[in-house]
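Dear colleague,

I am passing on to you the structure we spoke about, and I would be glad if you could look through it before reading my notes underneath.

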Amino acid sequence: MQKIPVHYLPVFLVGLFLIGCSPEEQVSFNEDIRPLLNEHCVGCHGGVKQSGGFGLVFRENALGLTTSGVRAIVPGKPGHSELVRRLRLSDRQQRMPLDGAPLAEDEIALIERWIDQGAAWETHWSYQPVKRVDVPADESGWAQNAIDNFILARLQKDSLAPAPRAQKTALLRRLSLDLIGLPPTLAEVKAFVEDERPEAYSEAVDRLLNSPRFGEHWASRWLDLARYADSRGYERDAERSIWQYRDWVIQAFNKDLPFDEFTLQQIAGDQLSENHDNQLLATAFHRNTLGNDEGGTNNEEYRVVTVMDRVNTSWEVWLGTTMACVSNSA
């Protein structure tokens, strides 16, 4: 490798800072490129609307010929890629994004490096298998668990240092609000402040995790995903008695039910060889669709509507993929 003259080093280092990573580092499509495309490009170049014959949802569309007969992305050749040329134009009638602010120089440079490296495409994160990653080293001794190691590594990347430890009163308040959604009592604060033992914090965590309020607090997040409501939603918005499912979710959180069992019982609890009442209650996840029994409604129409809702919800909740546009256009 040719040595860089000393008087070029400042320019070289500034370039690395703008790009955000070293030249040898592989640009990740999902982490680095997809967010840029989603924010600035897919509104006009998505899966349905493909202005100029250029779409960015699927790789085969992105690499194909556009309406003008040129290729927007030529793997390994950013200089021959129409996308890069359009991003850098000063003419607002041709520069992309057409009706939006131009991309920053470091963002364009990142796209160029991605194309130069072959414009590798990655599937949606929800379809990729979970992989074990190496935990960053911590030579300072600040980290107390593996999550801290990742946080510290990210802070150090930006030349930042961790914030000082919070006062015990603030620490307990944050912990309590996070785990059970309620502030600590005065007695709990007093006991925690006066407890100088190293294990005082971990015991406070265990106490809150064992509180019935824990399940009530965190179940609300899942109930939102399950479109839970005590009413049917249509017309008169009549009452719907399904609080037993709400209690099942709360109990599942408080029992720390493994996620695979949590999933299986809600989707197919009635299909298990030895199902119990609780497992049947769990399947009410798919009874939370809007219900309409107004006079004159078509039963088959609303049966199809509820099936579509269940399919959409299953894909969105467990796979993080929106299916509403697909099913509604079918």
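Below are my notes on the pocket, a surface patch and the salt bridges.

Please keep in mind that this is a predicted model. Its largest pocket holds about 720 Å³ of space, and of the 21 residues that line this pocket, Gly-47, Val-57, Phe-58, Thr-321 and Thr-322 lie nearest its centre. Two elements, helix H2 (29-40) and helix H15 (324-328), give two or more residues to this lining, with H2 providing the largest share at 4 residues. Sorted by class, the lining of the largest pocket has 11 nonpolar, 7 polar and 3 charged residues.

On the surface, Tyr-127, Val-307, Val-311 and Trp-315 make a nonpolar patch of about 330 Å². Trp-315 has its place in helix H14 (residues 299-319), and this residue counts as partly exposed because its relative accessibility is 32%, between the limits of 20% and 50%.

The salt bridges come to 14 in count. In one of them Arg-88 pairs with Glu-112, with the closest N and O atoms 2.9 Å apart; since Arg-88 lies in helix H4 and Glu-112 in helix H5, the pair ties together parts that are 24 residues apart in sequence. Another salt bridge joins the side chains of Asp-309 and Arg-227 (2.9 Å, N to O), linking helix H14 to the loop between helix H10 and helix H11, 82 residues apart. Within this pair, Asp-309 is partly exposed at 24% relative accessible area, whereas Arg-227 counts as buried at 18%. Finally, a network of salt bridges links Asp-195, Arg-197, Glu-199 and Glu-203.

With kind regards

Methods
Residues are numbered from 1 along each chain as its sequence is written. This is a predicted model: local features need pLDDT of at least 70, side-chain atom pairs count only at pLDDT 80 or more; totals for chains, interfaces and linings use all residues. Side-chain values use heavy atoms; hydrogens and water are left out. On a 1 Å grid over the protein atoms alone, a cavity is a set of points where a 1.4 Å probe fits but cannot get out, and a pocket is an open set with protein on both sides within 12 Å along at least five of seven lines; lining residues have an atom within 4 Å of a point. Grid points are joined across faces, edges and corners, and a volume is the space filled by probe spheres set on the points. Ala, Val, Leu, Ile, Met, Phe, Trp, Tyr, Cys and Pro count as nonpolar, Asp, Glu, Lys and Arg as charged, and the others, Gly among them, as polar. Patches are made of residues with over 30% relative accessible area and no salt bridge: like charges are joined within 9 Å, nonpolar side chains (Val, Leu, Ile, Met, Phe, Trp, Tyr) within 5 Å. Accessible areas come from the Shrake-Rupley method with a 1.4 Å probe; for residues, only the protein chains shown count as cover. A salt bridge is a side-chain nitrogen of Lys or Arg within 4 Å of a carboxyl oxygen of Asp or Glu. Buried means under 20% relative accessible area, exposed over 50%, partly exposed in between (1.4 Å probe, protein chains only).
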